[in-house]
Amino acid sequence: MNMPNFYQHYCPGRIIAGYDALKKIPSLMDRLGCKTAMVVTDKGVVAAGLIKHVEAAFEGADCSIAHVFDESPPDSSNIASNKLAGLFKGYKCDLFLAVGGGSALDTAKGANIVISQKSDDLLNIQGAENIEADLLPTIAVPTTAGTGSEVTKAAVIYNEEKKVKMLFSADKLYPTMAVLDPKMSATVPPKITAATGLDALTHSIEAFINLQKNPIDDAYAVAAIELIAKYIVRATENGASDMEARFGMANAALMAGAAFSNSMVGIVHSLAHACGAVCHVPHGLANGILLPWSLEYNLPRVAEYIGQLCEPLGCEQTGSDPLEQARLTIRAIRDLEERLNGVCGLPLRLKDAGVSGDKLPMVARVAVNDGCLMYNPLEVGYEDALRVLRNAF
Ligand SMILES: [Fe+2]
């Protein structure tokens with residue numbers, strides 16, 4: 001790669017990872033000077049029996065769980081965050097223990113902002129780097145391997161009264177610690193395992209090729225891609241018992257998160273966000289479908305970088321022509337997705353994922369206003385976005 005003239009990388013949280021990593025939570029709380037945890041989760045996580053693993057980790061410990069808040073909605077909201085903030089204060093908690101996907105963590109972040117900023121309206125604080133007070137400690141325990149939100153600084157919270165999504169982004173929003181324990185993702189169904197894993201793959205690849213790429217994020221991205229190539233099919237096929245594959249994917253998602261929270265993402269995410277907004281396509285699924293087509297779009301500018309991902313994806317480098325190498329990378333991604341399709345029926349086309357053809361122009365219009373396009377190697381206009389969508393349809 002050409003060395004960038006300037007870059008920065010920030011990933012401040014402590015990471016604890018292992019087959020019984022949950023057991024370390026009480027000693028981590030001790031290290032943070034905390035005694036009373038508020039578990040923040042959702043009803044699906046509780047129904048899957050995962051909170052029992054967390055509660056078991058506290059047996060005989062000096063610290064305790066005061067309450068399990070299981071009302072995080074699929075899109076975390078200001079109302080859920082406000083309610084959680086009230087309970088947190090009522091139970092005299094001193095630490096958020098977020099157990100779940102991005103939404104549980106975002107709900108905890110929302111409540112944390114309300115408490116720490118001594119505000120009762122999140123709308124006053126939304127935006128970038130608007131959080132002045134120090135937040136209370138948060139330990140994040142992800143239950144899916146995809147978003148990487150355990151190491152990212154953003155939170156998206158839906159304002160139910162004003163019907164708008166509020167974006168918060170601030171260094172103070174990084175979770176204090178992340179705990180990766182493979183048993184926490186063992187119950188994720190095959191299709192969601194595949195889709196969330198492809199979200200992590202997209203984070204890594206977009207971080208590696210886009211305008212803010214840098215040597216540190218590249219290292220995280222390549223390591224994540226190698227793990228995903230090795231484990232995503234195994235985790236999808238046999239996720240209830242293959243803990244090695246689950247652990248590999250949990251590590252990959254975290255490293256991909258560390259990479260893209262600095263290098264950012266690009267056209268794939270812009271198109272996927274728009275598919276989600278207009279047609280409700282799940283985020284990871286949309287990314288997986290759009291990834292190979294978007295890489296073809298970016299080929300004229302970053303063939304060399306795309307080609308370098310051939311080996312991490314597990315295929316042999318066959319020549320020195322960057323374009324040929326890049327096409328091999330894209331072929332390897334398509335092969336991987338076809339294997340996932342064979343294992344769990346993962347859709348490979350937008351039309352099989354709930355998108356109707358007449359919606360494509362609207363999806364393209366929404367996508368060209370998405371902020372992620374700023375970091376894409378090539379500029380993307382409306383006609384370009386529509387072409388990629390039509391190819392992926
Ligand atoms: Fe994503």
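A residue counts as buried if 20 or more other C-beta atoms lie within 10 Å of its own, and as exposed if 12 or fewer do. The exercises below apply this cut-off and others to a predicted model.

**Exercise 1. Serine 185**

Determine where serine 185 lies, whether serine 185 is buried or exposed, and which residues it touches.

Solution.
1. Serine 185 is found in the loop that runs between β9 (177-180) and α6.
2. Within 10 Å of serine 185 there are 28 other C-beta atoms, so the residue is buried.
3. Leaving aside residues up to four places away in sequence, serine 185 touches Thr143, Thr144, Ala145, Arg246 and Ala250.
4. A further pair involves phenylalanine 247: its C-alpha atom is separated by 8.7 Å from that of serine 185, although the two residues are 62 residues apart along the chain.

**Exercise 2. The two domains**

State how the protein chain is divided into domains, and describe the contact of domain 1 with domain 2.

Solution.
1. The assignment gives domain 1 as 14-183 and domain 2 as 188-392.
2. Between the C-alpha centres of domain 1 and domain 2 the distance is 27 Å.
3. To the contact, domain 1 contributes 18 residues and domain 2 contributes 21 residues.
4. On the side of domain 1 that touches domain 2, β1 (14-17) and β9 each supply at least two residues.
5. By class, that side of domain 1 has nine nonpolar, six polar and three charged residues.

**Exercise 3. Helix α6 against helix α10**

Classify the packing of α6 and α10 from the angle at which their axes cross, and list the residues that meet.

Solution.
1. Two packed helices are described by the angle between their axes and the distance between the axes.
2. The axes of α6 (residues 190-209) and α10 (residues 283-308) come within 9 Å and cross at roughly 20°.
3. Angles under 35 degrees count as roughly parallel; α6 and α10 are therefore roughly parallel to each other.
4. The crossing in which α6 passes α10 is left-handed.
5. From α6, the residues in contact are Ala195, Thr196, Leu198, Asp199, Thr202, Ile205, Phe208 and Ile209. Their counterparts in α10 include His283, Leu291, Val302 and Tyr305.
6. Sorted by class, the contact of α6 with α10 has 10 nonpolar, seven polar and one charged residues.

**Exercise 4. Helix α6 against helix α7**

Carry out the corresponding analysis for α6 and α7, beginning with their packing angle.

Solution.
1. The axes of α6 and α7 (residues 215-238) are 9 Å apart, and the helices pack at an angle of about 160°.
2. Angles over 145 degrees count as roughly antiparallel; α6 and α7 are therefore roughly antiparallel to each other.
3. α6 passes α7 in a crossing that is left-handed.
4. Among the residues of α6 that meet α7 are Pro190, Ala194, Gly197, Leu201 and Phe208. On the α7 side they include Asp217, Ala221, Ile225, Ile228 and Ala235.
5. By class, this contact of α6 with α7 has 13 nonpolar, four polar and two charged residues.

**Exercise 5. Two residues with positive phi**

For lysine 92 and methionine 264, give the phi angle, the location, and the classification as buried or exposed.

Solution.
1. Most residues other than glycine have a negative phi.
2. Lysine 92, not a glycine, nevertheless has a positive phi of about 55°.
3. Lysine 92 lies in the loop between α4 (78-90) and β4 (95-100). It has 10 C-beta neighbours inside 10 Å and therefore counts as exposed.
4. Methionine 264, also not a glycine, has a positive phi of about 70°.
5. Methionine 264 is placed in the loop between α8 (243-263) and α9 (267-279). Since 21 other C-beta atoms lie within 10 Å, methionine 264 is buried.

How values were computed: Residues numbered from 1 in each chain as written. Predicted model: local features only at pLDDT ≥ 70, side-chain atom pairs only at ≥ 80, totals over all residues. Axes fitted to C-alpha atoms, helices over the stretch in contact; angles between N-to-C directions. Helix = DSSP H or I, 4+ residues; strand = E, 2+ residues; numbered from the N terminus. Parallel < 35°, antiparallel > 145°, perpendicular 65-115°, else oblique. Left-handed = near helix turned anticlockwise from the far one by under 90°. Contact = placed C-beta atoms within 7 Å. Nonpolar A, V, L, I, M, F, W, Y, C, P; charged D, E, K, R; others polar. Domains from an automatic or database assignment.
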